[in-house]
Amino acid sequence: MPDVDYKSFWYTNGVAAQPLYLTVMHCPEDNGLNFNFEYRVDAVTKQEMEFFYYYLCRVLFRGIEDEKRTIGEILELI
């Protein structure tokens, strides 16, 4: 529905089936990406999540720089 503006927020009751679950969605307002993380605090710390997001972004940026790079080459760069 391109003529209908919408935005959603996710709320959790604090219980997750998996230790970490990531959803990445296209953001039509700015053509970017929205990253939604759901994780169990008994399995993953906030600091670990920050590191995970930081390195995830580095992997994406390195892949965008050169689309012919393999995952192995990207991981060697970071």
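**Exercise 1. Trace the network of salt bridges that links R62, E65 and R69.**

Solution. R62, E65 and R69 belong to one network of salt bridges in this predicted model.

Step 1. Begin with R62, which pairs with E65; their closest N and O atoms lie 3.2 Å apart. This falls under the criterion for a salt bridge, a side-chain nitrogen of Lys or Arg within 4 Å of a carboxyl oxygen of Asp or Glu.

Step 2. Locate the pair in the fold. Both R62 and E65 belong to helix α1 (residues 46–65), and three residues, about one turn of the helix, separate them.

Step 3. Continue from E65. Its side chain also meets that of R69 in a salt bridge, with an N to O distance of 3.2 Å. E65 thus takes part in the pair with R62 and in the pair with R69.

Step 4. Classify the three residues by accessibility. E65 is exposed, at a relative accessible area of 52%. R62 is partly exposed at 27%, and R69 is partly exposed at 25%.

**Exercise 2. Determine how many salt bridges the model contains, and describe the one between D42 and R40.**

Solution.

Step 1. The count is three salt bridges.

Step 2. R62 with E65 is one of them, and E65 with R69 is another. The side chains of D42 and R40 form a salt bridge as well, at 3.1 Å from N to O.

Step 3. Side chains of opposite charge can pair when their charged atoms come close.

Step 4. Compare each partner with the cut-offs: exposed is over 50%, buried is under 20%, and partly exposed lies in between. D42, with a relative accessible area of 64%, is exposed. R40, at 26%, is partly exposed.

**Exercise 3. Identify the elements that give two or more residues to the nonpolar surface patch.**

Solution.

Step 1. List the members: L20, L22, V24, L33, F52, L60, F61 and I64, which together have about 710 Å² of accessible area.

Step 2. Assign them to elements. Strand β1 (20–27) and helix α1 are the elements that give two or more residues. The most comes from α1, with four residues.

Step 3. Examine one member. L20 lies in strand β1 and is partly exposed, with a relative accessible area of 34%. That value satisfies the patch requirement of over 30%.

**Exercise 4. State how confident the prediction is for the chain and its elements.**

Solution.

Step 1. The mean pLDDT of the protein chain is 84, and 85% of its residues reach 70 or more.

Step 2. Among the elements, helix α2 (residues 71–77) has the highest mean pLDDT, 93, and strand β2 (residues 32–39) the lowest, 85.

Terms used. Residues numbered from 1 in each chain as written. Predicted model: local features only at pLDDT ≥ 70, side-chain atom pairs only at ≥ 80, totals over all residues. Heavy atoms only, no water. pLDDT = per-residue confidence, 0-100. Buried < 20%, exposed > 50% of the residue type's maximum accessible area, 1.4 Å probe, protein only. Patch = residues over 30% accessible without salt bridge, like charges linked within 9 Å, V, L, I, M, F, W, Y side chains within 5 Å. Areas by Shrake-Rupley, 256 points an atom, 1.4 Å probe, with all protein chains shown as cover.
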